[in-house]
Amino acid sequence: MRLNSNKEDVRLGILISGRGSNMIALADATREDRIPKSQIAVVISDQPDAAGLVRAKECGLQTLVIERFGRRREEHDREIVSALKAHEVDLVCLAGYMRLLSPYFVQAYRNRILNIHPSLLPCFPGLDAQRQALAHGVKWSGCTVHFVDETLDGGPIITQRVVPVLDDDTEETLSTRILEQEHVLYAEAVALVVSGKCEVVGRHVLRKN
Ligand code: GRF
């Protein structure tokens with residue numbers, strides 16, 4: 001997959017709604033060149049009081065609030081897509097972004113939107129994945145980075161990491177153990193995509209050498 005053929009760096013746009021720890025992990029990885037030839041063009045939050053906005057500014061990242069409150073999904077998404085285009089974003093990374101994307105958004109960035117989810121998809125999509133895993137009694141869970149399509153957490157899977165579930169886990173302890181792996185996994189997945197080392201074929205993401 002070629003994200004851009006003539007620009008120096010692949011330009012990432014990160015969407016957040018909250019804490020933003022995955023956004024920081026991606027910012028660190030671009031700075032340390034673990035994600036090669038890329039830069040964060042803009043961080044967009046749909047929540048004006050997202051803690052991640054403060055952290056993004058502290059890192060010197062360009063931020064934007066495009067508030068969702070009271071807006072129809074597609075109208076809100078059209079404004080976000082315009083902002084992404086204005087910042088010449090090549091690849092969109094959802095990092096704790098809590099609103100489903102409209103078909104308009106998915107189509108505008110087809111196979112160029114990534115999401116990270118705190119379970120081994122297709123198990124436990126949607127909200128509270130760690131709580132769902134504990135309630136089900138699974139012995140292993142983990143995290144998944146996938147391309148975003150029109151379905152909820154259902155797009156082609158790029159990579160996954162497995163994390164054990166312990167007998168005395170609470171939602172908090174399991175979430176913390178998974179989050180540590182999310183931070184490593186998301187950077188690895190973005191690196192794969194920006195360096196053109198994977199290809200989407202139907203539901204499958206194939207590695208290229
Ligand atoms: C992460 O667990 C991510 O997998 C999920 O939302 C959480 C966001 O955390 N989609 P953060 O805002 O990146 O700290």
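What radius of gyration does the protein chain have, and why does it agree with a compact globule?

## Overall fold

The radius of gyration of the protein chain is 16 Å. A compact globule with 209 residues would have one near 17 Å, so the value agrees. The model is a predicted one.

The protein chain holds 6 helices and 9 strands. Along the principal axes, its C-alpha atoms fill a box of roughly 50 × 45 × 35 Å.

## Where the ligand sits

Which pocket does the ligand take up? The ligand fills the space of the largest pocket. Two elements give two or more residues each to the shell around the ligand: helix H1 (21-31) and strand E5 (113-117).

The shell includes Arg 19, Gly 20, Ser 21 and Asn 22. Ile 116, His 117 and Pro 118 also surround the ligand. Gly 96 and Glu 182 complete the list. By class, the shell has 5 polar, 2 nonpolar and 2 charged residues.

## Polar contacts of the ligand

Both oxygen and nitrogen atoms of the ligand have polar partners in the protein. For oxygen, one partner is the side chain of Ser 21, where an N or O atom is 2.5 Å from a ligand oxygen. Another is the backbone of Gly 20, where a polar atom is 2.8 Å from an oxygen atom of the ligand.

For nitrogen, the partner is in the backbone of Ile 116. An N or O atom there lies 3.0 Å from a nitrogen atom of the ligand. How much of the ligand's accessible area does the protein cover? On its own, the ligand has 370 Å² of accessible area, and the protein covers 86% of that.

## The loop after strand E5

Two backbone features fall in the loop between E5 and helix H5 (129-136). One is a cis peptide bond, from Leu 121 to Pro 122. Its omega is near 10°. Pro 122 lies in this loop between E5 and H5.

Asp 128 is found in the loop between E5 and H5 as well. What is the sign of phi at Asp 128? Phi is positive, near 55°, and Asp 128 is a residue other than glycine.

## Summary

The ligand takes the space of the largest pocket, and the protein covers 86% of its accessible area. Strand E5 gives two or more residues to the ligand shell. The loop between E5 and H5 holds Pro 122 and Asp 128.

Notes. Residues numbered from 1 in each chain as written. Predicted model: local features only at pLDDT ≥ 70, side-chain atom pairs only at ≥ 80, totals over all residues. Heavy atoms only, no water. Near = heavy atom within 4 Å. Polar contact = N/O pair within 3.5 Å; in protein donor to acceptor, adjacent residues only side chain to side chain. Areas by Shrake-Rupley, 256 points an atom, 1.4 Å probe, with all protein chains shown as cover. 1 Å grid on protein atoms, 1.4 Å probe; cavity = no way out; pocket = protein on both sides within 12 Å on 5 of 7 lines; lining within 4 Å. Sits in = over half its atoms within 2 Å of the grid points. Helix = DSSP H or I, 4+ residues; strand = E, 2+ residues; numbered from the N terminus. Nonpolar A, V, L, I, M, F, W, Y, C, P; charged D, E, K, R; others polar. Rg over C-alpha atoms; globule rule 2.2 N^0.38 Å.
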